[in-house]
Amino acid sequence: AYNIIGESPASAPVEVYVGEAAPAMPPQNIHISAVSASQLEITWDPPPVDSQNGNIQGYKVYYWEKDGQNETEKVKVLFLPDTSIRLKNLTSFSKYLVCISAFNAAGDGPKTSPTEGRTLQAAPGVPSFLIFSEITCSALNVSWGEPTAANGILQGYRVIYEPLAPVQGVSKVVTVDIQGNWQRWLKIRDLTKGMTYMFRVQARTIIYGPELQANITAGPAEGSPGSPQHVLVSKSASGLTLYWTEGVSGVKPITGYVIESRPSDEGVWDLFVKNIPQSATSYTVSLDQLKEGVSYQFRVVAVNEFGYGEPSAASVAISAQTGSPFYEEWWFLLVVALCSLILILMVIFALILRNQTKKYRDNNTEPEKGLRLRSFCRNLSPGKNVSGMEESVTLDNGGFTSLELNSRHLNVKNTFLKKNGTRSPPRPSPGGLHYSDEDICNKYNGAVLAESIALTEKPLDASESEGTDSDYEDELPKHSFVNHYMSDPSYYNSWKRQQKGTKHSTPYRYEERAASEAEPYFQTVITTQSSGGVYTPTGQPTPGSRTPVTGFSSFV
């Protein structure tokens, strides 16, 4: 209490109970699991204790299909403080949204956010329809619709058909399984004319659902046209052409034609071409539509409002083999290969002939051909018997490889050049060879003198009288294979048969200059060749000469 002076002390505290309030927070950790195709199990945790505002007396579960809340929303109320529930009688393979709220004596608490769950798959419903089309005497098309209640993911279909009565004493049941949901039709081609068949179709998810059943009778249908007449087939390079004539029209006029074919490797008639105009009496089939190398039979069927009529008689079997052009035939390829080979050989022969003609022309246009032998004598000093000689054999036109020989040391006496008082060197012994300038003839092996070879010798000193005979006899000349055959005709004439009645000419001719001349001089040795070969020194061409074959180069 208080007055104008102030407040009085407070009284002792007194406890007062004011009642419960609704929970302040929704349940926690909602979890949904599918139990079957029609049941979902839901679990959760209570609201936090400090937000319950009293004792939790139960929960309310709100659920509905995802795509239709207003039409399918339901509520389940739990009065016991359990934290799980199983929802039943749900739609198979459907999505559901679930919300949960807690309540106490004061009222309901807030709802949880929607949580999604989905039921499991179940067997599908029956197909929505089953129809037949293009019914002929031996084939038809059957088609069906997707089930209204798929109850899962459609994996395929099953088609079962059988005749209502045995065919030739046999009742055959045919079952065809089709994978996937995209194909909902089937072509049946082994029917018997006029026989009634029962068809059953099932859809499949995890299991097959119920069947949809229908009966159908193979053609021809009552009131359909009769068979076309006089079916003929002709073959051309681009295709096959069928000809026919119109048959009986039936109850209603003919509206068109279809063509059936039967490959030789199958034996079952199948619809090949349809929607041919009623006025047509021929049709061309491209060979591209047929299998290569397979023979086909064809027949024509007329169509009116009642369906397909009686088929015509089968045509003769004709092959779909296309005619290959001549340039793809094996014989044409062989001829081309042979012609190419002959052409290549002719080109090679022409090149060889041209090369030979060019060589012959070059030989005729050159003024001279032959070997040129040049000998250089050096290191001939007075009082010494040893000299060095270099012999080279080359072609004047440079057409062949040069051949050079370094001869052995030739012992020549300086007094050999004297005009008078010169004596012949002794005959060769195993250690050396002697040379004679008295028995030299003007012919070598009977051949006519053709050319001259310059053998030059240049003395190193002005005096030629310093060398004596005793110097020559003291040191025997070293053997020279070339000069051995050059000096003595008895050797180079011994290896070849001599011609009878032929006079030998001197193979060497010596020209001497006076010793008093100051400048060096050259001694010329003229020799001849056998077999027409000649040596042509530089500056001395011989007309009509040929390339040397034998002679000085024969033994070298």
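Me: Buried means under 20% relative accessible area, exposed over 50%, and partly exposed in between (1.4 Å probe, protein chains only); why, then, is C99 called buried?

Reply: C99 has a relative accessible area of 6%, and since buried means a value under the first cut-off, C99 belongs in that class. This is a predicted model, in which local features need pLDDT of at least 70 and side-chain atom pairs count only at pLDDT 80 or more, whereas totals for chains, interfaces and linings use all residues. Residues are numbered from 1 along each chain as its sequence is written, and side-chain values use heavy atoms, with hydrogens and water left out.

Me: What makes C137 buried, and how many disulfides are there?

Reply: C137 has a relative accessible area of 8%, so C137 is called buried as well. A disulfide is a pair of cysteine sulfur atoms within 2.5 Å, and by this rule the count comes to 0. Over the whole protein chain of 556 residues, 38% count as buried.

Me: Why is V35 called partly exposed, and which residues does V35 touch?

Reply: The relative accessible area of V35 is 32%, which lies between the two cut-offs, and therefore V35 is partly exposed. V35 sits in the loop between strand 1 and strand 2. With contact taken as heavy atoms within 4.5 Å, and leaving aside residues up to four places away in sequence, V35 touches L40, E41, R86 and L120. One of these partners, R86, is 51 residues apart from V35 in sequence, while their C-alpha atoms are 8.6 Å apart in space.

Me: How do you know that strand 1 and strand 2 pair?

Reply: Strands are DSSP runs of E of at least two residues, helices are runs of H or I of at least four, both numbered from the N terminus, and two strands pair if DSSP finds at least two bridges between them. Strand 1 and strand 2 have 5 bridges, in the antiparallel sense, so the rule of at least two is satisfied. Within this pairing, S33 stands opposite E41 in strand 2.

Me: What makes strand 1 and strand 5 edge strands?

Reply: The open sheet has 3 strands in the order 1-2-5, with antiparallel pairing, and strand 1 (28-34) and strand 5 are its edges, as each pairs on one side only. The partner of strand 5 is strand 2 (residues 40-45), over 4 antiparallel bridges, and L40 has L87 as its bridge partner in strand 5.

Me: Which side chains of strand 5 point to one face and which to the other?

Reply: In strand 5 (residues 84-87), I85 and L87 point to one face and are buried, whereas S84 and R86 point to the other and are not. In a regular strand the side chains alternate between the two faces of the sheet.

Me: How do you know that strand 11 and strand 14 pair?

Reply: Strand 11 (residues 156-163) and strand 14 (residues 196-204) share 8 bridges in the antiparallel sense, which again satisfies the pairing rule. R158, for instance, has Q202 in strand 14 as its bridge partner. These strands belong to an open sheet of 4 strands in the order 12-11-14-15, with antiparallel pairing; its edge strands are strand 12 (174-179) and strand 15 (208-217).
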